Amino acid sequence: MLVLTISSFRCCRMDTVTKALEEVLSSALPQGCITVGVYEAAKSLNVDPDNVVLCILATDDEDVKDVALQIHFTLIQAFCCENDINILRVNNTRRLAEILGGGGKQGGEPMDLHCVLVTSPHSSSWKDPALSKVNRFCRESRCMDQWVPIINLPER
């Protein structure tokens with residue numbers, strides 16, 4: 001008889017979503033479908049919100065006390081909710097930088113990884129199984145009144 005606790009189910013499910021998120025980012029990057037940075041993301045959202053398929057807000061422990069960043073997050077979250085854009089929060093900007101291949105640097109300057117947008121490579125809907133998993137996770141989280149689910153990006 002198989003007994004599966006809720007916490008072990010969530011853990012397995014979270015691992016699946018984390019891997020799917022990594023796949024989405026890894027496949028979107030070479031297609032030029034990634035926008036990095038709070039201000040760059042705000043500009044992109046303003047110009048073409050229908051092209052955005054996912055918004056990732058990333059923080060580390062020290063970012064929680066940054067009031068200006070939290071205000072930016074609140075505004076981006078509100079805009080994404082208004083425009084039916086799925087949002088995730090991740091808690092490891094260093095790992096996010098590794099996934100995006102820059103190690104946190106872009107042309108010698110540190111990248112602002114606090115906001116990352118994934119856009120559709122075509123005007124049609126992006127048919128990516130990993131993106132579908134992430135979107136389903138976001139949708140299910142909203143059904144449980146968790147509007148911005150948090151993903152742990154473990155170190156590798």
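**Exercise 1. Work out which side chains meet E98 and R95 in salt bridges, and how these contacts are linked.**

Step 1. The side chains of E98 and R95 meet in a salt bridge, at 3.1 Å from N to O, where a salt bridge is a side-chain nitrogen of Lys or Arg within 4 Å of a carboxyl oxygen of Asp or Glu. The model is a predicted one, in which local features need pLDDT of at least 70 and side-chain atom pairs count only at pLDDT 80 or more, while totals for chains, interfaces and linings use all residues. Residues are numbered from 1 along each chain as its sequence is written, and side-chain values use heavy atoms, with hydrogens and water left out.

Step 2. Because E98 and R95 are three residues apart in helix α4, about one helical turn separates them; helices (H or I, at least four residues) and strands (E, at least two) are DSSP runs, numbered from the N terminus.

Step 3. R95 also forms a salt bridge with E22, with the closest N and O atoms 3.2 Å apart. R95 lies in helix α4 (residues 93-99) and E22 in helix α1 (residues 6-28), so this pair ties together parts that are 73 residues apart in sequence.

Step 4. E22, R95 and E98 are therefore linked in a network of salt bridges.

**Exercise 2. Decide whether R95 and E98 are buried, partly exposed or exposed.**

Step 1. Buried means under 20% relative accessible area, exposed over 50%, and partly exposed in between (1.4 Å probe, protein chains only).

Step 2. With 9% relative accessibility, R95 counts as buried, whereas E98, at 37%, counts as partly exposed.

**Exercise 3. Lay out the order of the strands in the open sheet and describe the pairing of β2.**

Step 1. Five strands form the open sheet in the order β1-β6-β2-β3-β7, with mixed pairing; two strands pair if DSSP finds at least two bridges between them.

Step 2. β1 (34-36) and β7 (150-151) stand at the edges, each with a single partner strand, so one side of each is left without a neighbour in the sheet.

Step 3. Strand β2 (residues 52-58) has seven of its seven residues buried. β2 pairs with β6 (residues 115-119) in the antiparallel sense over five bridges, and C55 has L117 as its bridge partner in β6.

Step 4. With β3 (residues 87-90), β2 pairs in the parallel sense over four bridges, and L57 stands opposite R89 in β3.
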